[in-house]
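Biologist: Hey, got a minute to go through this one with me? Put it up and let's start with how the helices meet.

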Amino acid sequence: MLISSPPYFNHLSFLTFNSSYFCIHFNLLSVEDGMRGGDEAEIDRLPIDLLAHIFSLLISFKDLAQVSRVCRKWKQGVEESLARRETLSFSGWKVDDECTTRLVLLAYGLKELDISRSRWGCQITDYGLHQISMAKCIGNLCSISLWGSTAVTDKGVIQLITRAISLQHLNIGGTFITDTSLFAIADSCPRLKTIVLWGCRQISENGLVALVNKCQKLEAINVWGTRLPLQCLVALLAISPALRIQPRGVLLNDDNSHALPIY
């Protein structure tokens, strides 16, 4: 005996293949059904939970914005889909402080946040980090990446980090942070396991020593491009002999650098 599926599943079968077509097709479908009058449109019969699951498959923030403007029910579906997300990445997307903040504020269950900047990507600033720091999810975040966000300074990083008490992985490489940020991280992130400081040339031994001293679960640190002196890395390994200093074989300006084990 053949069991027919609900009518709306016939309209959803192509969703994962073309999200843009999904937005256009469903917009037209809703309009056409509405023009007929009478019975409720098939697509409008979908429960919010199912709509939220469908919208969670969309990877384009532009598509999500278009979908949320279709009707009040779809807007609620988009908001619930964001609330269920555990990861959110803006890397490669051209978004500003306002757009980034609006989405993060809705992602109550977020665990991983990537605000890395690519060539045409996210343009986050200190103001954006301040707004994001007020999101409900910040205290539960275990991973944050601000890679290459050159518009952020110690001010924005500190406001964000001081509430990220569950943080385990942090990437602030390619930024212009100083020891001031490292002191804040050391005081606020006791669970920190890995940190990327690639190219952070304004940090010094003082900040790193404070970080390694207080973040006792720290397992790995990437200091490529920082040009730290040999004695600084020796001091870090003296505090935590198991600490992995990356990258392997980093060149130091010291004739005796071969004597230091670099992991």
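Modeller: Sure, and keep in mind that this is a predicted model. In α3, the residues I48, D49, L51, A52, H53, F55 and S56 meet K73, W74, Q76, G77, V78, E80, S81 and R84 in α5.

Biologist: What's the mix by class in the contact of α3 with α5?

Modeller: That contact has 6 nonpolar, 5 polar and 4 charged residues.

Biologist: And at what angle do the axes of α3 and α5 cross?

Modeller: Roughly 65°, and the axes come within 8 Å. Helix α3 covers residues 48-56 and helix α5 covers residues 72-84.

Biologist: Is that crossing left-handed or right-handed?

Modeller: The crossing of α3 and α5 is right-handed.

Biologist: OK, new topic: pockets. What volume does the largest pocket have?

Modeller: The largest pocket comes to about 370 Å³. Its lining has 17 residues, and F61, L64, A65, R102 and L103 lie nearest the centre.

Biologist: Which elements give two or more residues to that lining?

Modeller: Those are α4 (61-68), α5 and α6 (97-106). The largest share, 5 residues, comes from α4.

Biologist: And what about the lining by class?

Modeller: You get 10 nonpolar, 1 polar and 6 charged residues there.

Biologist: Last thing: how many aromatic pairs are there?

Modeller: The count is 3 aromatic pairs. Take W147 and W198: their ring centres are 5.1 Å apart and their planes sit at 50°, so that pair is tilted.

Biologist: Where do W147 and W198 lie?

Modeller: W147 is in the loop between β3 (143-145) and α8 (154-161), while W198 is in the loop between β5 (194-196) and α10 (205-214), so the pair ties together parts that are 51 residues apart in sequence.

Conventions. Residues are numbered from 1 along each chain as its sequence is written. This is a predicted model: local features need pLDDT of at least 70, side-chain atom pairs count only at pLDDT 80 or more; totals for chains, interfaces and linings use all residues. Side-chain values use heavy atoms; hydrogens and water are left out. Axes are lines fitted to C-alpha atoms, for helices over the stretch in contact, and angles run from 0 to 180 degrees between N-to-C directions. Helices (H or I, at least four residues) and strands (E, at least two) are DSSP runs, numbered from the N terminus. A crossing is left-handed if the near helix is turned anticlockwise from the far one by less than a right angle, and right-handed if clockwise. Contact means heavy atoms within 4.5 Å. Ala, Val, Leu, Ile, Met, Phe, Trp, Tyr, Cys and Pro count as nonpolar, Asp, Glu, Lys and Arg as charged, and the others, Gly among them, as polar. On a 1 Å grid over the protein atoms alone, a cavity is a set of points where a 1.4 Å probe fits but cannot get out, and a pocket is an open set with protein on both sides within 12 Å along at least five of seven lines; lining residues have an atom within 4 Å of a point. Grid points are joined across faces, edges and corners, and a volume is the space filled by probe spheres set on the points. Rings of Phe, Tyr and Trp (its six-membered ring) pair if their centres lie within 6.5 Å; planes under 30 degrees apart count as stacked, over 60 as edge-to-face and the rest as tilted.
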